[in-house]
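Biologist: Please take a close look at the pockets of this model and tell me what surrounds them. I would like the account in one piece, with some attention to the parts of the chain that lie in loops and at segment ends.

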Amino acid sequence: MTLDEIGIIKQLEQRGNKVFNPYKTGISREENLNIRRAAAQADYYLASANAISQKGELVFFSAYGNRTAGISFAKKAIVVCGINKLTANIDEAIKRSREYATPLNCKRLNWASACLRNGACRQEECLFPEYKRMCCQILIIEAEVTPDRLRVILVGESLGY
């Protein structure tokens, strides 16, 4: 949502960059998954964190693992976040991700998750095959070993979930 809101995906496509966008309309489920696999291996990976602690820890939730893989292993990862994603500590960052961002993403994508009932996380009952769970993998970045590989751009406004 953050990348859509700032218009970067459209700008990159218009500029002629190869963009792996699994949210394109009219694609099949298999094509969607193939795009996710290709994106996870891209040289540059753009994303937004679900939350950032004041200490600087970045929290990402992923359903398929493509997002966590792409952010973790791309030659260059660029993370863009609005100030609404800042939290006091890592516990609050995980809580924000699980109890705020994930239910909103499930609603947006109409996923049959337990949190769709009332917007509240139901981690203890959100299990397969009854539900389609979005918070399957969690990536927490505390530091980066490769200089200049990871860039975080904090935008001074509210963006995304």
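Modeller: In what follows, helices (H or I, at least four residues) and strands (E, at least two) are DSSP runs, numbered from the N terminus, and in that naming Glu142 is a residue of the loop between β6 and β7. Please keep in mind that this is a predicted model.

I begin with the largest pocket, whose volume comes to about 1,400 Å³. Its lining is made by 48 residues, and those that lie nearest its centre are Leu3, Ile9, Tyr23, Leu46 and Ala47. Helices and strands both contribute: at least two lining residues come from each of the helices α1 (2-6), α2 (8-15), α3 (29-40), α4 (66-73) and α5 (90-109), and likewise from each of the strands β1 (44-47), β3 (58-62) and β4 (76-82). Among these elements the greatest contribution is that of α2, which gives six residues to the lining. As to chemical character, the lining of this pocket divides into 28 nonpolar, ten polar and ten charged residues.

Tyr23, one of the residues nearest the centre of the largest pocket, also belongs to the lining of the second largest pocket, together with Pro22, Lys24, Ile27, Ser28, Arg29, Asn32, Arg36, Tyr64, Leu109, Trp111 and Lys132. This second space holds about 190 Å³. Here it is α3 that gives the largest share of the lining, with three residues, and the residues divide into six nonpolar, two polar and four charged. The ring of Tyr23 has a further partner, since the charged end of Arg108 sits over that ring at 5.4 Å from its centre. Aromatic pairs, by contrast, number zero when the whole structure is searched.

Besides the open pockets there is an enclosed space to consider. The structure holds one cavity of 30 Å³ or more, and the volume of the largest cavity is about 80 Å³. Its lining consists of 14 residues, and those nearest its centre are Cys115, Cys121, Arg122, Cys126 and Cys135. By class, this lining splits into eight nonpolar, three polar and three charged residues.

Turning to packing, nonpolar side chains in soluble globular proteins tend to be buried together. In this model the largest nonpolar core has 15 residues, and the members that touch the most others are Phe60, Ile71 and Ile141. Two or more residues of this core are supplied by each of β1, β3, β4 and β6 (137-141), and the element that gives the most is β4, with three. The strands β1, β3 and β4, which we met in the lining of the largest pocket, are therefore also contributors to this core in the sense that each gives at least two of its residues.

The loop that follows β6 deserves a separate look. Glu142, already placed between β6 and β7, counts as exposed because its relative accessibility of 66% is over the 50% cut-off; its C-alpha is 26 Å from that of Cys106, at a separation of 36 residues in sequence. Ala143 lies in the loop between β6 and β7 too, and with a relative accessible area of 63% it is exposed. Its C-alpha is 9.1 Å from that of Leu58, although 85 residues separate Ala143 and Leu58 in sequence. A further residue of the loop between β6 and β7 is Asp148, which is partly exposed because its relative accessible area is 47% and thus falls between the 20% and 50% cut-offs. Asp148 is not a glycine, yet its phi is positive, at about 65°.

Two further residues show how positions far apart in sequence come together in space. Ile6, in helix α1, is partly exposed at a relative accessible area of 34%, and its C-alpha is 8.3 Å from that of Leu159, which is 153 residues away along the chain. Gly160 is placed in the segment after β7 (150-155). Because its relative accessibility is 15%, under the 20% cut-off, Gly160 counts as buried. Between the C-alpha atoms of Gly160 and Asn50 the separation is 8.8 Å, with their positions 110 residues apart along the chain.

Key: Residues are numbered from 1 along each chain as its sequence is written. This is a predicted model: local features need pLDDT of at least 70, side-chain atom pairs count only at pLDDT 80 or more; totals for chains, interfaces and linings use all residues. Side-chain values use heavy atoms; hydrogens and water are left out. On a 1 Å grid over the protein atoms alone, a cavity is a set of points where a 1.4 Å probe fits but cannot get out, and a pocket is an open set with protein on both sides within 12 Å along at least five of seven lines; lining residues have an atom within 4 Å of a point. Grid points are joined across faces, edges and corners, and a volume is the space filled by probe spheres set on the points. Ala, Val, Leu, Ile, Met, Phe, Trp, Tyr, Cys and Pro count as nonpolar, Asp, Glu, Lys and Arg as charged, and the others, Gly among them, as polar. Rings of Phe, Tyr and Trp (its six-membered ring) pair if their centres lie within 6.5 Å; planes under 30 degrees apart count as stacked, over 60 as edge-to-face and the rest as tilted. A charge sits over a ring if NZ of Lys or CZ of Arg is within 6 Å of the ring centre and within 35 degrees of the ring normal. A nonpolar core is a set of buried Ala, Val, Leu, Ile, Met, Phe, Trp, Tyr and Cys residues joined through side-chain atoms within 4.5 Å. Buried means under 20% relative accessible area, exposed over 50%, partly exposed in between (1.4 Å probe, protein chains only).
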